[in-house]
Each structure stands twice: as C-alpha cells, then as structure tokens.
Amino acid sequence: MCTGLCLSTKDGKHLFGRNLDVPASYNQAVQIVPRNFKWLNVATQETITSKYACIAMGIVIDNHPLLFDGVNEKGLAGGGLNFTHFAKFSSTAVKDKISLSASDFVYWVLSTFSSLSELKETLPSVILTSIPFKPDLPVAGLHWIFTDKTGESIVIEYMEDGMHIHDNPVGVLTNDPTFDWQLTNLSQYVTLSCKTPQPEEMGNLLVKPFGHGLGMCGIPGDGSPAARFVRTVFFRDAVVEADDELSGVTAFFNVLSEVTVMKGSEIDPDGSMNFTVYKSAMCQESQTYYYTDYYNRRINAVKLTPDTMNADHITTFPYLGKQDICYQN
C-alpha cells in the first residue's frame with residue numbers, strides 16, 4: 001500500500017511526496033547521497049559514478065543506498081510504490097541494454113537525470129531485473145512516479161510484456177491495478193463536488209441539503225488503492241491554501257491525511273497490519289525533505305546543502321520517530 005502525490009503552490013513551488021503504508025518500519029532515515037558517489041550495479045557488477053546528489057528516505061547497507069523516495073539537486077523527484085500483483089521484472093541482465101536491479105531504480109534515476117525529458121528519452125533502453133542487492137533482500141514488486149520542476153509527472157510500470165510509461169495528468173499514484181485502469185475509474189466519480197448541492201424537488205417535496213459536504217456523497221471511503229486514488233485526486237484539486245512552500249507543505253500533509261492508514265484498520269491473512277509508517281513532502285526548488293512519522297506528528301525537515309552534496313560519503317540524519325509534544329504549561 002502507498003499513496004504518491006504531486007502538488008504545486010501559487011508562487012510556483014513544486015512538491016512531491018507520499019505515504020508509505022507497510023506492516024513495519026524498515027529502520028529508514030533521511031539520506032543525502034553526494035555527487036560522484038561510486039556504487040555497484042548488482043545487475044551487471046559494474047561500478048557507476050553518480051552525476052547528481054540527492055536527498056531521500058531510505059536505508060544504506062554496506063554503503064549502498066536503497067531509496068524509497070527523494071529529490072535530486074536539479075529538482076527531479078520520485079519514488080516507488082507497491083505494485084505487487086502486476087510487477088514482473090527480468091530475471092537476468094540483457095546485453096546492450098541498461099540493466100538494473102529494480103531495487104536501485106529510484107537512486108539510479110535521481111543520481112543520473114536532471115529532468116523528465118532526459119529520463120523519458122533513456123527509459124526505452126532500460127531493463128529492470130529481479131536481481132537483489134543481497135539474497136535476503138528480495139526485490140519488491142513496485143511501480144514508480146517521477147516529476148520535475150515543470151510540474152509534469154509520469155508513471156513507470158514494468159510488467160510481463162515490458163515497460164509501460166504513462167503521462168500522469170492527475171499527479172497521483174497508489175497501487176494495483178494498473179495506472180491506466182485507475183484513470184478510467186475516475187469516470188465513475190465525475191459528479192463529486194466541493195460545493196453544497198442546491199435544493200431539488202422529489203415528487204411534490206422540495207428536498208434541502210442538511211449540513212456540509214454533500215457534494216462528496218459517493219466518494220469511496222475504504223483503504224483500497226482505487227479508493228485512495230479517487231480521494232487523493234479529489235482533495236488535491238480541492239486544496240486552496242498552498243500559497244508558498246510552507247503553506248504548501250501544510251496543504252500537502254493535509255491531503256495525505258485523507259488517505260492515512262491507521263494501525264489496526266488493515267489486517268492481512270497472516271495477521272500483519274499495514275499502516276502509514278511515514279508521510280513525506282519534498283520541495284523540488286529548495287531540495288528540502290519534510291516528513292512525519294506515525295508516532296511523531298511533528299513535521300521534521302532536512303535540506304540538501306553544498307557541503308553534503310560534495311561530501312565523500314553518504315550523510316544519514318537520525319530518524320525522528322518518537323512523539324514530540326509541545327507542552328505549553
């Protein structure tokens with residue numbers, strides 16, 4: 001489970017982020033991976049030197065960054081979301097193609113490209129494989145959303161018949177089924193409105209609306225990917241208080257709150273419980289990574305800075321997951 005979101009502010013800032021909805025924390029933290037960082041492409045056993053620095057949420061194992069979502073120094077941002085029933089990767093690398101482990105895809109994109117146009121030009125040459133970084137770290141079934149400072153975004157899905165690249169006109173991604181199905185499903189909700197309905201005659205009775213929000217009657221309220229997709233698209237379009245970066249971040253987290261998964265509300269057959277482990281929102285202009293944790297609702301922020309971009313090592317920031325309450329007396 002997961003929900004990804006793109007949002008623009010009135011003064012031209014662009015925000016990207018997501019809810020990470022999984023059964024447990026991965027001991028993740030905000031990582032800054034510098035320019036000219038050397039890393040191993042496990043699909044080909046070749047060493048790659050990064051071009052761009054990035055700031056992201058993820059884990060580092062044996063000095064190898066495994067990133068969930070992030071933004072690079074050029075403002076290209078993106079992340080991977082669960083796509084377990086449809087994702088299908090190549091079992092081997094392919095000669096004369098750019099073969100990568102799907103686990104490395106987010107970092108490879110952020111460390112290599114400055115814009116969506118550059119990325120889209122290269123994607124037809126890419127083969128994503130199920131080759132893991134380590135045998136005990138199997139490659140997850142994911143699809144990806146990327147966006148740049150134009151405000152445009154794309155969705156990348158790798159399935160049995162290869163790679164599918166979709167322009168994303170709504171700036172939202174959840175999980176299964178496929179992205180084109182999610183867009184088609186929006187047609188079922190064209191009657192949704194932020195406005196209070198006008199009184200209507202039913203027979204000889206003039207029926208008047210009581211209360212507010214009746215224009216949203218019929219919006220799906222469950223936690224399924226399809227329902228979260230519809231709700232996120234609706235509230236993304238409805239939000240009005242996103243004037244600048246700060247108010248945009250506030251609006252961003254408010255939209256994601258509409259699709260928060262409470263621990264205990266989703267229980268899998270094996271007893272595991274999905275919940276929103278963290279929410280992220282990153283400004284693509286300031287390269288600032290904002291996040292909240294399920295147990296810490298305070299917004300924390302880490303910024304990509306010149307010294308961390310040019311460091312000779314990955315900089316890891318402590319993950320603030322303990323509740324932080326402001327006591328006023």
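How many residues does the hairpin that joins strand 12 to strand 13 pass through? In the predicted model described here, this hairpin runs through two residues. Strand 12, which comprises residues 153-159, and strand 13, which comprises residues 162-167, pair in the antiparallel sense over six bridges, and within this ladder Val155 has His166 of strand 13 as its bridge partner. Val155 also serves as a reference point for Gly79, since the C-alpha atoms of these two residues, 76 residues apart along the chain, are separated by 10.0 Å.

Gly79 itself lies in strand 8, residues 77-82, and its relative accessibility of 0% means that this glycine counts as buried. When residues up to four places away in sequence are left aside, Gly79 touches Phe16, Phe68, Asp69, Val106, His143, Trp144, Ile145 and Phe146. Two of the residues in this list, Trp144 and Phe146, belong to a cluster in which ring pairs link Phe89, Phe105, Trp108, Phe113, Trp144, Phe146 and Tyr158. Another contact of Gly79, Phe16, is found in strand 2, where Phe16 stands opposite Cys6.

Strand 1 (residues 2-8) and strand 2 (residues 14-22) run antiparallel and are joined by seven bridges. Both strands belong to an open sheet of six strands, with antiparallel pairing and the order 14-1-2-17-18-19. The edges of this sheet are formed by strand 14 (172-173) and strand 19 (296-303), each of which pairs on one side only. Two helices are placed against these strands. Helix 4, residues 225-238, lies across strand 1, strand 2 and strand 14, and runs at about 15° to strand 1. Helix 5, residues 245-257, packs on the sheet and touches strand 1, strand 2, strand 17 (275-283), strand 18 (288-293) and strand 19, with its direction making about 155° with that of strand 17.

The part of the sheet that contains strands 17, 18 and 19 is built from successive hairpins. Strand 17 and strand 18 pair in the antiparallel sense over six bridges, with Tyr290 of strand 18 as the bridge partner of Ala281. Four residues lie between these two strands in their hairpin, and Gln287, in the turn, has a positive phi of about 50°. Strand 18 is in turn joined to strand 19 by a hairpin that passes through two residues, and this antiparallel pairing extends over five bridges, with Asp293 standing opposite Asn296 of strand 19. Strand 18 is mostly covered, six of its six residues being buried. Thr288, Tyr290 and Thr292 point one way from the strand, whereas Tyr289, Tyr291 and Asp293 point the other way, and the residues of both groups are buried.

Aromatic contacts were examined next. A pair of aromatic rings is described by the distance of the centres and the angle of the planes. A search of the whole structure finds 15 aromatic pairs. One of them is formed by Tyr26 and Phe68, whose ring centres are 5.8 Å apart and whose planes stand at 65°, so that the pair is edge-to-face. Because Tyr26 lies in the loop between strand 2 and strand 3 (29-33), while Phe68 lies in strand 7 (residues 64-72), this pair ties together parts that are 42 residues apart in sequence. The two partners can also be described by their accessibility: Tyr26, at 42% relative accessibility, counts as partly exposed, whereas Phe68, at 17%, counts as buried. A further edge-to-face pair is formed by Phe234 and Phe235, with ring centres 5.2 Å apart and planes at 90°, and both of these phenylalanines are buried. A charged side chain is also placed over an aromatic ring, as Lys263 lies over the face of Phe275 at 4.7 Å from the ring centre.

Strand 20, finally, consists of residues 315-317 and includes Thr315. With a relative accessibility of 16%, Thr315 counts as buried, because the cut-off for a buried residue is under 20%. Not counting residues up to four places away in sequence, Thr315 touches Val30, Gln31, Ile32 and Thr308.

Notes
Residues are numbered from 1 along each chain as its sequence is written. This is a predicted model: local features need pLDDT of at least 70, side-chain atom pairs count only at pLDDT 80 or more; totals for chains, interfaces and linings use all residues. Side-chain values use heavy atoms; hydrogens and water are left out. Two strands pair if DSSP finds at least two bridges between them. Contact means heavy atoms within 4.5 Å. Axes are lines fitted to C-alpha atoms, for helices over the stretch in contact, and angles run from 0 to 180 degrees between N-to-C directions. Rings of Phe, Tyr and Trp (its six-membered ring) pair if their centres lie within 6.5 Å; planes under 30 degrees apart count as stacked, over 60 as edge-to-face and the rest as tilted. Buried means under 20% relative accessible area, exposed over 50%, partly exposed in between (1.4 Å probe, protein chains only). A charge sits over a ring if NZ of Lys or CZ of Arg is within 6 Å of the ring centre and within 35 degrees of the ring normal.
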